[in-house]
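Good morning, colleagues. Please look at the structure on the screen while I introduce it.

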Amino acid sequence: MYNQDIVRVMHPTEGLSAQFSCGIGVKQGYPLSPLLFRLYLDGLEKHLVALDGDNPPQLVDIVVKLLLFADDLALM
């Protein structure tokens, strides 16, 4: 899907940059980006939750190993 992807950057004073290829990451604002991010995080979340620690952080007696919000991840 992102094979041979060409991008440009908008600068506030200099306008559009020259085209360049972008071979990593997911385009911001692209409709499929949240799904691709969630598919990646789903596996990571399952792996992290399965890990047992000696003293996991707790919030009101609930074990909290990670916080997920939109496209952000906080590891405890």
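Accessible areas are obtained here by the Shrake-Rupley method with a 1.4 Å probe. On that basis, the protein has an accessible surface of about 6,700 Å², and carbon and sulfur atoms account for 59% of that surface. I should say at once that this is a predicted model.

Let me turn to the overall architecture. The protein contains one helix and eight strands. Along the sequence, these elements follow the order β-β-β-β-α-β-β-β-β. Of the 76 residues in the protein, 11% are buried. As for contacts with a separation of 6 or more, 24% of them involve residues 24 or more positions apart.

How confident is the prediction, and where is confidence lowest and highest? The average pLDDT of the protein is 77, and 80% of the residues score at least 70. Strand S8, residues 72-75, has the lowest confidence, with a mean of 68. Strand S3, residues 15-16, has the highest, at 94. As a general caution, predicted coordinates should not be read in detail where pLDDT is low.

Finally, I would like to consider one residue, Leu51. This residue sits in the loop that runs between helix H1 (33-50) and strand S5 (58-59). Is Leu51 buried, exposed or partly exposed? Its relative accessible area is 43%; because partly exposed covers values between 20% and 50%, Leu51 is classed as partly exposed. Leu51 is separated from Lys65 by 14 residues in sequence, and their C-alpha atoms are 9.1 Å apart in space.

Thank you for your attention.

How values were computed:
Residues numbered from 1 in each chain as written. Predicted model: local features only at pLDDT ≥ 70, side-chain atom pairs only at ≥ 80, totals over all residues. Heavy atoms only, no water. Helix = DSSP H or I, 4+ residues; strand = E, 2+ residues; numbered from the N terminus. Buried < 20%, exposed > 50% of the residue type's maximum accessible area, 1.4 Å probe, protein only. Contact = heavy atoms within 4.5 Å. pLDDT = per-residue confidence, 0-100.
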